[in-house]
Each structure stands twice: as structure tokens, then as C-alpha cells.
Amino acid sequence: MTELLRIEDLAVSYGPSPAVSGISLSVPDRGTVALLGANGAGKSTVLKAIAGLVPKSAGRVLLAGEDVTATDTRHLVHAGVVYVPEGREIVPNLSVDENLVLGGFHLDGATRRQRRDMVLGIFTEIASRALSPAWRLSGGEQQMLAIGRALMAGPRLLLLDEPSLGLAPLLVRRVFDRLAAIRAETGLAIVLVEQNFRMTVRVADTVHFLRGGRLLGKRDAVELRNPAAMDEAIAAYLGAGASAA
Ligand SMILES: Nc1ncnc2c1ncn2[C@@H]1O[C@H](COP(=O)(O)OP(=O)(O)OP(=O)(O)O)[C@@H](O)[C@H]1O
């Protein structure tokens with residue numbers, strides 16, 4: 001499979017000591033790579049560094065072979081790299097439709113309408129609520145809107161930061177089902193940061209384990225769908241105190 005994203009020896013520091021270092025990983029075209037780890041392990045920092053939202057103190061990021069290490073966020077969005085932050089950050093007083101338009105503001109009208117129809121076709125839960133203010137949506141529907149808004153930009157690489165955060169189990173399942181649909185329909189690649197291990201292995205191909213800002217190892221996600229293998233990987237990579245969500 002062709003490689004879409006390659007990270008080589010990435011480090012990010014917010015202060016004197018690095019938050020993450022020595023991060024190297026590869027995301028194939030149309031692949032889904034997950035980063036699993038406890039709070040503070042450095043997962044969001046890796047995503048933000050890829051998206052150009054935090055400065056890198058070392059390493060390189062290559063997108064389809066092109067060095068984008070120093071490329072700013074705006075140009076990365078145009079190159080197809082779109083970040084969906086933890087906490088969704090939709091605009092509550094704007095309607096569902098208006099939030100979607102924000103994600104495709106740079107598009108011509110016809111493309112924007114076509115993308116909007118594609119997004120609402122995937123997220124059928126919010127399709128009938130297009131004119132409702134976003135604050136009226138449930139947490140899971142707001143998460144779908146946040147992902148939908150990112151899809152409006154026509155990404156090649158979606159960087160998803162904890163889409164399950166704060167959602168009830170049923171809604172988590174719905175969001176992850178839609179992620180599987182997006183992957184099948186649009187063929188984009190995804191880097192997924194999660195703490196919900198069981199849901200993650202349903203949609204990912206490869207899982208990288210992070211602890212203390214370092215990558216400890218990676219496993220095939222299909223293997224980890226076996227609960228015993230997941231428990232063994234968690235104990236090996238994340239420590240005895242960790243457990244599958
Ligand atoms: N803006 C910041 N300024 C200073 N330190 C930060 C900043 N953002 C993150 N950190 C620190 O960097 C480390 C990694 O944080 P990061 O948010 O990447 O972890 P995470 O694995 O995504 O955690 P969580 O699951 O809690 O979101 C932590 O020690 C955190 O306190």
C-alpha cells in the first residue's frame with residue numbers, strides 16, 4: 001500500500017523537557033492508525049504536531065513524500081490534512097448547515113453542496129436537523145457534526161482527537177460505525193487518538209501504544225479484537241493499572 005503520511009523521529013516540547021520524542025510512524029493511503037495511551041501520554045500532541053498546531057523541536061513529517069514539517073496549518077488543510085479537536089468545537093449558535101459551510105468556506109457553491117450532501121448521507125442522524133442550532137444536538141450528534149465539518153474540506157488525512165470523549169456507550173458505537181462508513185465511502189486515511197480501546201480496534205488497522213511521550217510498540221488491530229490479546233497488550237505497553245475502556 002502507498003504511504004500517505006510518514007513521521008520520522010518527531011519531538012515536541014512545551015517547556016524544558018519534551019512532551020513527546022522519538023515518534024516515528026507511517027500511515028498508508030486509506031489506512032486507519034490509532035494512538036492509544038493514558039492521559040498525558042502525548043497522543044494529542046502528536047496529532048497537533050502533524051496538523052501544524054504546535055512547533056516541532058525535532059523530526060520530519062512527510063505527506064505523500066513531500067516534506068511538510070514546516071508547513072502551516074492553513075496550507076496543510078489545503079493539502080488535505082484536517083484536525084478534529086477533542087471537545088468538538090462546533091459553533092453552538094450556528095445551524096448544522098452553517099457549521100458545515102464553515103468547513104467548506106473555500107469551496108465553490110456546487111462542490112460545497114455536493115460535499116454537504118455526502119456528509120449528510122453518512123451522518124443521517126443530523127440530516128433532518130440541518131436547520132437546527134448545533135447546541136440542540138446531542139453530544140454524539142455534535143461529534144458527528146464536527147467530523148462532518150472536517151469532511152467538508154475533502155481531506156486525505158483526518159486527524160481525530162478522542163471522538164468518544166464524554167459520549168454514552170450507545171453514541172460512541174454510532175460515531176464509530178459512521179467512521180467505518182466514512183472510511184469505506186471516502187477512502188481517506190485516519191489517525192485516531194482514543195482512550196476507548198475496544199471501539200478503536202473495531203475501526204483501526206494498526207494500533208500504536210504511547211507512554212510518557214514515547215511510542216512503545218505497535219500491534220495489528222485485528223489481533224487485538226481478541227479480548228485476551230488486548231488485555232495482554234495493555235499490560236505490556238500501558239502497565240498493570242490500565243484497562244480496556
Ligand atoms: N499547551 C501545553 N502546554 C504545556 N504542556 C502541555 C500542553 N499541552 C500538553 N502538555 C503536556 O504534554 C504532555 C502530553 O499531553 P497530551 O495532551 O499530548 O497527552 P494526551 O495523551 O493527549 O492526553 P489526554 O488523553 O489527557 O488528552 C502532558 O504532560 C501535558 O501536560
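Colleague: What makes strand 6 and strand 7 (residues 157-161) joined strands, and which way do they run?

Modeller: Keep in mind first that this is a predicted model. Two strands count as a pair if there are at least two bridges between them, and strand 6 has four bridges to strand 7. Four meets that cut-off, so the two are a pair. They run parallel. One of the contacts is easy to find: Val 82 has Leu 158 in strand 7 as its bridge partner.

Colleague: Which way do the residues of strand 6 (residues 81-84) point, and are they buried or exposed?

Modeller: Val 81 and Tyr 83 point one way, while Val 82 and Val 84 point the other way. That fits the usual picture, since side chains in a regular strand alternate between the two faces of the sheet. As for cover, all four of these residues are buried.

Colleague: What makes strand 1 (residues 3-13) and strand 2 (residues 18-28) a pair?

Modeller: Same test: at least two bridges are needed, and here seven bridges join them, with the strands running antiparallel. Ile 7, for instance, has Leu 25 in strand 2 as its bridge partner, and Ser 13 stands opposite Pro 18. The two strands form a hairpin, with four residues between them.

Colleague: Why are strand 2 and strand 5 said to stand at the edges?

Modeller: Look at the open sheet of four strands, which has the order 2-1-4-5 and antiparallel pairing. Strand 2 and strand 5 (66-67) each have a single partner strand, so each has one side left without a neighbour in the sheet.

Colleague: How do you know that helix 6 (residues 139-152) is close to its expected reach?

Modeller: The rule takes 1.5 Å times one less than the number of residues. For the 14 residues of helix 6 that gives 20 Å, and the helix reaches 20 Å from its first C-alpha to its last. The two values agree, which is what "close to" stands for here. Helix 6 is also mostly covered, with 13 of its 14 residues buried. After the helix comes Gly 154, whose phi is positive, near 65°.

Colleague: Why is Ala 233 called buried?

Modeller: The cut-off is 20 or more other C-beta atoms within 10 Å. Ala 233 has 24, so it counts as buried. You'll find Ala 233 in helix 10 (residues 227-238). Its C-alpha is 8.8 Å from that of Phe 209, although the two are 24 residues apart along the chain.

Colleague: And why is Asp 72 called exposed?

Modeller: Exposed takes 12 or fewer such atoms. Asp 72 has 10 other C-beta atoms within 10 Å, so it falls on that side of the cut-off. Asp 72 lies in the loop between strand 5 and helix 2 (73-78).

Colleague: What makes the phi of Arg 30 worth pointing out?

Modeller: Most residues other than glycine have a negative phi. Arg 30 is not a glycine, yet its phi is positive, about 70°. Arg 30 is found in the loop between strand 2 and strand 3 (32-36). Ala 64 is another case, with a positive phi of about 50°. The place of Ala 64 is the loop between strand 4 (58-63) and strand 5.

Colleague: Why do Arg 30 and Ala 64 count as partly exposed?

Modeller: Partly exposed is the range between the buried cut-off of 20 and the exposed cut-off of 12. Arg 30 has 17 other C-beta atoms within 10 Å, so it sits in that range. Ala 64 has 15 C-beta neighbours inside 10 Å, so it does too.

Colleague: Which residues surround the ligand, by class?

Modeller: The shell has three nonpolar, seven polar and one charged residues. Lys counts as charged and Gly as polar; the surrounding residues include Lys 43, Gly 37, Gly 40 and Gly 42. Helix 1 (residues 43-50) gives the most to this shell, with three residues.

Colleague: Last one: why is the chain called as compact as a globular protein of that length?

Modeller: The chain has 10 helices and 10 strands. Its radius of gyration is 18 Å, close to the 18 Å that the globule rule gives for 245 residues, so the description fits. Along its principal axes, the C-alpha trace spans about 50 × 40 × 35 Å.

Terms used. Residues numbered from 1 in each chain as written. Predicted model: local features only at pLDDT ≥ 70, side-chain atom pairs only at ≥ 80, totals over all residues. Near = placed C-beta within 6 Å. Rg over C-alpha atoms; globule rule 2.2 N^0.38 Å.
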